2 protein chains.
Amino acid sequence: MPKETFFNLSPEKRSHILETAISEFAERSYTGFSITHMVTRAGIAKGSFYQYFENKLDLYRYLLLNVWVERKTSFLKSRLPPSGDGFFGAVRHLLLTGIAFGLSQPRMAAMFRPVLSPWAGDEELGALQQETLAYQRASFLNLIEQGQAQGQVRRDLNLETAADLLMAITRDGIDRAMSRIMGMTLVELCARPKRAAEFDEEDRAALVDEVVDLLRRWLGVSAGAPAETAGGGIDIDALADTRPVREGP
Amino acid sequence: MPKETFFNLSPEKRSHILETAISEFAERSYTGFSITHMVTRAGIAKGSFYQYFENKLDLYRYLLLNVWVERKTSFLKSRLPPSGDGFFGAVRHLLLTGIAFGLSQPRMAAMFRPVLSPWAGDEELGALQQETLAYQRASFLNLIEQGQAQGQVRRDLNLETAADLLMAITRDGIDRAMSRIMGMTLVELCARPKRAAEFDEEDRAALVDEVVDLLRRWLGVSAGAPAETAGGGIDIDALADTRPVREGP
DNA sequence: TAGTCATGTGACCAGGCAGTCACGTGACCG
DNA sequence: CGGTCACGTGACTGCCTGGTCACATGACTA
């Protein structure tokens, strides 16, 4: 957690430092991130950095557990799922919202990829990654169970394996497809954020519809079973990447 | 490509250097790999390294495009798929074989993850990764088309998207599930390779069956359609990660 | 024996890094 | 006015890195 000194800074300066750090992390990855380089770019002295943060990991953790979480939850709350579309309709909305958020924050999406994906990467991030993945898994498990409770997801599933595959499809699969469709990686997108518009609403809907179609065929109760379409929303907490955390002192 | 000097070495010394390099790459990742550290561990002088290889990337490329490919193709050829199980039976065998190979080569599986997964990671690997991913995508597309030609995979699919999702399910999904079941990451498995046995044949079959069940529901022609079970094998080239490459001079 | 050539070697150089610390600055207070 | 306190600063240390290069070694040849 950052030191008190950091929170005594003016909001503008604080934000300036964080934005610079986000850019650096996105462009150079966690390992490539150099404190020396970042402070030069931000126009502050290296000594100041150590009056704000313990070290690189402290800064990264703060960006993940506070900044990212805060932005994501507020984004999601501004686009609440329409109720009445049933479970898969809610999932569809969830995926579309997730894509929109990622495109609106490409730098953060890029810098947190190693910790939101099951890729070991930097040893230093191991603990953080394990914690985050565990929380995501729990969220996805919860999601499937909600679908079952609503009678729209079959019950003869191995829940644990289903959660793994569901994560792979909705995270890795969509990532892969987006990279292909946009013809660039996430890091390249950061350099040209306007290109995100080329992947327009129509393309996004087409992709998500393919994915939801897969999910319906895989998870949906077989045709002919009692379709219990009543309700059918999903708990918004199921979308979170990490346990909600409070702002620092 | 390594220099001539390297290929003039005795097979034992050559192999010793490569094995040391593989361990170092697996334990410290590409960015963390230090030539200085590796040569010390291998017991050779740093000057010698530069008489064998151009630099770190040269060594890494060679390990991927030659050593890995060679071992994988020979492994796959030693376990040819039984014909007669139809398309999904062949896919099942493919997945089981892939898992067995990965567990038999955990260090290489770990060191090549960034280049076989759509994770940008080290800028230096960007070109190599792009090339490899493109080749894999082509293989998966080919696989789906074979299934369609055999009448066992539905034709109303967006092929491109289907390939992305198929890759996510069979690579990322299985990776995620294996990490969960074994309770450790790939890197940790390298330190205790005997633990691979705890993920026994039965567990593997259970996991793969879940995945194949998903694929059947998603891709399979709807029940009642003409089941053209004739033939049903798959071309073994569809399994490759990279374009086949010849051994150096 | 003298010479040639491929190979082996490690001290050395320049550059980048994280983290420290003695000092500078300026606002506020008694 | 002097003193205190929070914050800002950048030179400095110690470490590790990739890559080079002048020299050593030893086999083989004329």
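What rotation, and what shift along its axis, superposes chain A on chain B?

1. Basis of the note. This is a predicted model, in which local features need pLDDT of at least 70, side-chain atom pairs count only at pLDDT 80 or more, and totals for chains, interfaces and linings use all residues. Residues are numbered from 1 along each chain as its sequence is written, chains are lettered from A and ligands numbered from 1 in the order in which they are written, and side-chain values use heavy atoms, with hydrogens and water left out.

2. Relation of the protein chains. Chain A is superposed on chain B by a rotation of 180 degrees with 0.0 Å of shift along the axis, at an RMSD of 0.0 Å (least squares on the C-alpha atoms of residues with pLDDT of at least 70 in both copies). The two copies are thus related as by a two-fold rotation axis. Both copies use the same surface, since 100% of the contact residues of chain A recur in chain B (contact: heavy atoms within 4.5 Å).

3. Nonpolar core. The largest nonpolar core has 82 residues, and those with the most contacts inside it are Leu215 and Trp218 of chains A and B. Such a core is a set of buried Ala, Val, Leu, Ile, Met, Phe, Trp, Tyr and Cys residues joined through side-chain atoms within 4.5 Å, where buried means under 20% relative accessible area (1.4 Å probe, protein chains only). Neighbours within four places in sequence aside, Trp218(A) is in contact with residues of both chains, including Leu157(A), Ile169(A), Leu214(B) and Arg217(B).

4. DNA strand C. This strand is surrounded by 18 residues, the closest being Lys46(A), Tyr50(A), Asn8(B), Gly47(B) and Tyr52(B) (near: a heavy atom within 4 Å). Of the strand C atoms that come within 4 Å of the protein, 59% belong to sugar and phosphate. Phosphate oxygens lie 3.2 Å from a polar side-chain atom of Ser34(A), 3.1 Å from a polar backbone atom of Ile35(A) and 3.1 Å from a polar side-chain atom of Thr36(A). H4(B) gives the most to this surface, with 4 residues.

5. DNA strand D. Here 17 residues surround the strand, and the closest are Asn8(A), Gly47(A), Tyr52(A), Lys46(B) and Tyr50(B). Bases are also approached: a base nitrogen is 3.3 Å from an N or O atom in the side chain of Gln51(A), and a polar side-chain atom of Lys46(B) lies 2.9 Å from a base oxygen. A phosphate oxygen of strand D is 3.1 Å from a side-chain N or O atom of Ser34(B). H4(A) gives the most to the surface near strand D, with 5 residues.

Definitions and conventions: Buried < 20%, exposed > 50% of the residue type's maximum accessible area, 1.4 Å probe, protein only. Polar contact = N/O pair within 3.5 Å; in protein donor to acceptor, adjacent residues only side chain to side chain. Helix = DSSP H or I, 4+ residues; strand = E, 2+ residues; numbered from the N terminus.
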